[in-house]
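Colleague: I am new to reading protein models. Could you walk me through this one, feature by feature?

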Amino acid sequence: MGHPPLEFSDCYKDSPDFRETLKCYELELERTNKFLKELIKDGNSVIAAIKGYSLAVQKFSQTLSTFQFDFIGDSLTDDEINIAESFQEFAGLLQEVEHDRMMMIQNATTLLIKPLEKFRKEQIGATKEKKKKFEKEGEKYYSLLDKHLNLSAKKKESQLQEADDLLDKERVNFYDSSVEYVYQIHQVQDRKKFDVVEPVLAFLHSIFTINSLVVETTQDFMPYKQELQLSLQNTRNHYESTCEELEELMMRMKEPSQICKIQNFLPMEGFLYIQEKRALGVSWVKHYCKYHKEGKQLTMVSCEQKPNTKQAPTLLTLKSCIRRRTESIDKRFCFDVETAERNAPVTFQALSEGDRKLWMEAMDGKEPIYHSPIHKQAEMELNETGFKFVKKCINYIEDKAITQEGVYRTVGSNIQVQKLINTFFDPTNPGNVDFNSSDIDDKTITSALKFYLRSLSEPLMTYDLHRDLMCAAKSDNLDFRLSEIHSLIYKLPEKNREMLEILITHLVYVCSCSDENRMTPSNMAVIFGPTLMRAKEETVAAMLDIKFQNIVVEILIEDYEKVQIINLTGTSGSSLFINDSLFENNKDIPGCTGIIQTELIPDRSIDCLWSYPDSKHSF
C-alpha cells in the first residue's frame, strides 16, 4: 500500500496526521537520495573501467567519423579529391575498429550519470530547499503565535490589532511555503518513476551492446600517407596564391555604394525561424528565406544540419500575411503566412521587430483578425447540434484521415479549431460548415471533436458514475474490473450512452488501422481518458487517478465486441426485438447463452445483460 496523497487543503490545517504523512514522504525522499548517490558512484566506476586504454583512440575515431569536408565550387581539384578519399579511408579504418564501442562509452555518462545527477540537483535539491523554507516559516509562525497568545488583553486596541495583522501575515507565508513544499514532493515522487529508470535502462543497453562487439581486422592505411601529404601541400600553395585576390574582393564588397546596390537589386531575403509541429512537440527551425513579390513566391531553405543530405528548397505561393498577436504565442516578432500549398498557416519568427516590419511590408501583411470564443455553455451540450457535429467529424476522419500517423494525437491550430467550433455552433445557423473546405485540415477536425467533448458541462461518462468507474478500474481482479465497467456503462443516461456508443465504435475502427496510424487502444485511451471522464473536484488525488480513467477507456475499446449498447423491446411472451430484429426465444440470439432479466415491459426499451459462451464474464 502506497503513501496517501498529500492534499493541499491539509497544508492549512497542519494537523498531526498531515505531519506524519509528510514525514513518510521525507523518509522516502532521503532513501531515494541515498540510493542515487550510490548508483552514481558505482556507475562512474563501471564507465571508467570500460573506457581504459581505448579512450584516446575512440575520441580520435569519433572526430574523424563525424566530420565531413566540404569544398567551395561545383567541382574538385585532383588534390581535393585525394584529400577527401584519403581522409575517409583513414576515418573508416578507425571507425571499423572502435566506432561502435566509442559511441556507447562516449554516451555512457550522458545516458546514466548526468540524468541522475540532474534529477538529484533539480528535483531532490529543490525539494530540500522547499523543506528549509517550510521549516523556517513554520518556526517563525508558531513562535509568533506563542508570543501572540501571551499578549495581555489590557494592551491598547491598536497594539492588539497590529499583532493580529502580523500573525495573519506570517500564517499566510507559512501556508504558502507548505503548499509549495507539498507540490514539490509530489513532483519528485512522480518524476522518479521515469527519470531514474530510463537512464539505467539506456545504460544497460549500451553495456550489452559493447560486450557483443566483434572487432574486425584493420586494413593497411600507410600507402595513403605520402599521397595525402602531397595533396595537402599543393592545396596550401593554391590557397596562398589566391588569398590576396579574395581579400581585395572582400574590401570592395564593404563599400557603402556596393551595399546599397545589392539591397535595391535583390528581393527580400534573410533568416527566419519557422514553427514546426513534430512528434515530441513544437520546434522552431531556422530557415533562409527569399520572397519574390512579383510572383508572390517564397523560397525557404532549412538550416538544420542533416548528414549526407542536401537541403532542397521549399517553394510556397503566398495568399496572405497576418501579424501574430502577442498573447497568442510565447515568441516575439511572429507573423502567420497562408499559402496555396498548405492547409494550415505557417508561423514565422523574425529576428527583430524591425525585421518583422520589413517582411510584412514586402508581403503586404495585415493586422490580425480577432475571433470571439464561445461563451454560452448551452452550446456545448449533448443536443441535436452536438450529435450532428460529432457524426460529421467521425465521417470525415474515417473517410480521409483514418490511416494518418498519430491521428488524434497531433494537435491542430487553436485559431482554426476555435473558428470551426464558433461557426458550427452558431445559434443563428448551426451546423453550416463544409468540412471539405481547404481551410480545414485533418488535425483541426480531430482537435475540434476533442474540444467539444471536453467542453461539455458534465463529462460524457458523468460525475455520478465517476467514483464507481474508478473503483472498478483499480480492482486487482481483472474479471471483476472488466464486467463491472461494462455493467456501469448501462447506467449512463440515454443520450450519454448513445454518444459513447458512437464514439467508441469509431475509436475501435481507428485502432484497427494501428499498423498504419500507430494509434493502439492504449495510445487512444491516453487521449480520450481525460476527455470522457473527470472528477467533480480537482484535487491531487483526482490528478493521480487520471491513469485509471485511461484504463476505463482502454477496456471499452479493446473489449468492444464483448459489450454493446443494444436496444431491446418486448412485445409479448418470450418474443424480443433486438435492434428491430425479432427473436422468439433466447436461443435465437447469436452468441447468447441466456438473457438475464426479470420482466419485459411491452413496447418499452430496456437494458439487457447477457453472457458469451467463450467468456467467463457477464455483460
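Modeller: We will go through the sheet, the cores and a few single residues. Keep in mind that this is a predicted model.

Colleague: Let us start with the strands. How many strands form the barrel, and in what order do they run?

Modeller: Strands of a sheet pair through backbone hydrogen bonds, in a parallel or an antiparallel way. Here six strands form a closed barrel. The order is β1-β2-β3-β4-β5-β6, and the pairing is antiparallel. On average, neighbouring strands of this sheet are turned by 50 degrees against each other, direction ignored.

Colleague: Which residues make up β5 and β6, and over how many bridges do they pair?

Modeller: β5 covers residues 334–339, and β6 covers residues 346–349. They pair in the antiparallel sense over four bridges. A hairpin of six residues joins β5 to β6. For one facing pair, look at Val-337, which stands opposite Val-346 in β6.

Colleague: What does β6 do on its other edge, with β1?

Modeller: β1 and β6 pair over two bridges, again in the antiparallel sense. Ile-274 stands opposite Phe-348 in β6.

Colleague: Are the faces of β6 covered or open?

Modeller: Both are covered. Val-346 and Phe-348 are buried on one side. Thr-347 and Gln-349 are buried on the other.

Colleague: Which helix lies across the strands, and at what angle to β1?

Modeller: That is α10, residues 353–362. Helix α10 lies across β1, β2, β3, β4 and β5. Its angle to β1 is about 95 degrees.

Colleague: Now the cores. Which residues touch the most other members of the largest nonpolar core?

Modeller: In soluble globular proteins, nonpolar side chains tend to be buried together. The largest nonpolar core here has 60 residues. Tyr-408, Tyr-452, Met-461, Phe-528 and Leu-532 touch the most other members. Elements that give two or more residues to this core include α11, α13, α18 and α20. There is also a second, separate core of 19 residues. Ile-274 and Phe-348 are among its members. You met those two as the facing pair of β1 and β6.

Colleague: What does Tyr-408 touch, leaving out residues up to four places away in sequence?

Modeller: Its contacts include Ile-397, Leu-449, His-506, Val-510 and Phe-528.

Colleague: Let us try single residues. Is Gln-549 buried or exposed?

Modeller: Compare the relative accessible area with a cut-off: buried means under 20%. Gln-549 has 3%, so this residue is buried. Gln-549 is found in helix α20. Beyond its sequence neighbours, Gln-549 touches His-466, Met-470 and Arg-534, among others.

Colleague: And Lys-491, buried or exposed?

Modeller: Exposed means over 50%. Lys-491 has 56%, so this residue is exposed. Lys-491 is in the loop between α15 and α16. The C-alpha atoms of Lys-491 and Asp-464 are separated by 9.8 Å. Along the chain, these two are 27 residues apart.

Colleague: Last topic: backbone angles. Which sign does phi have at Asp-14?

Modeller: Most residues other than glycine have a negative phi. Asp-14 has a positive phi of about 55 degrees, although it is not a glycine. Asp-14 is in the loop between α1 and α2. With 11% relative accessibility, Asp-14 is buried.

Colleague: What is phi at Arg-518, and where is this residue found?

Modeller: Phi of Arg-518 is near 65 degrees, a positive value in a residue other than glycine. Arg-518 is in the loop between α17 and α18. Its relative accessible area is 47%, so Arg-518 counts as partly exposed.

Notes: Residues are numbered from 1 along each chain as its sequence is written. This is a predicted model: local features need pLDDT of at least 70, side-chain atom pairs count only at pLDDT 80 or more; totals for chains, interfaces and linings use all residues. Side-chain values use heavy atoms; hydrogens and water are left out. Two strands pair if DSSP finds at least two bridges between them. Axes are lines fitted to C-alpha atoms, for helices over the stretch in contact, and angles run from 0 to 180 degrees between N-to-C directions. Contact means heavy atoms within 4.5 Å. Buried means under 20% relative accessible area, exposed over 50%, partly exposed in between (1.4 Å probe, protein chains only). A nonpolar core is a set of buried Ala, Val, Leu, Ile, Met, Phe, Trp, Tyr and Cys residues joined through side-chain atoms within 4.5 Å.
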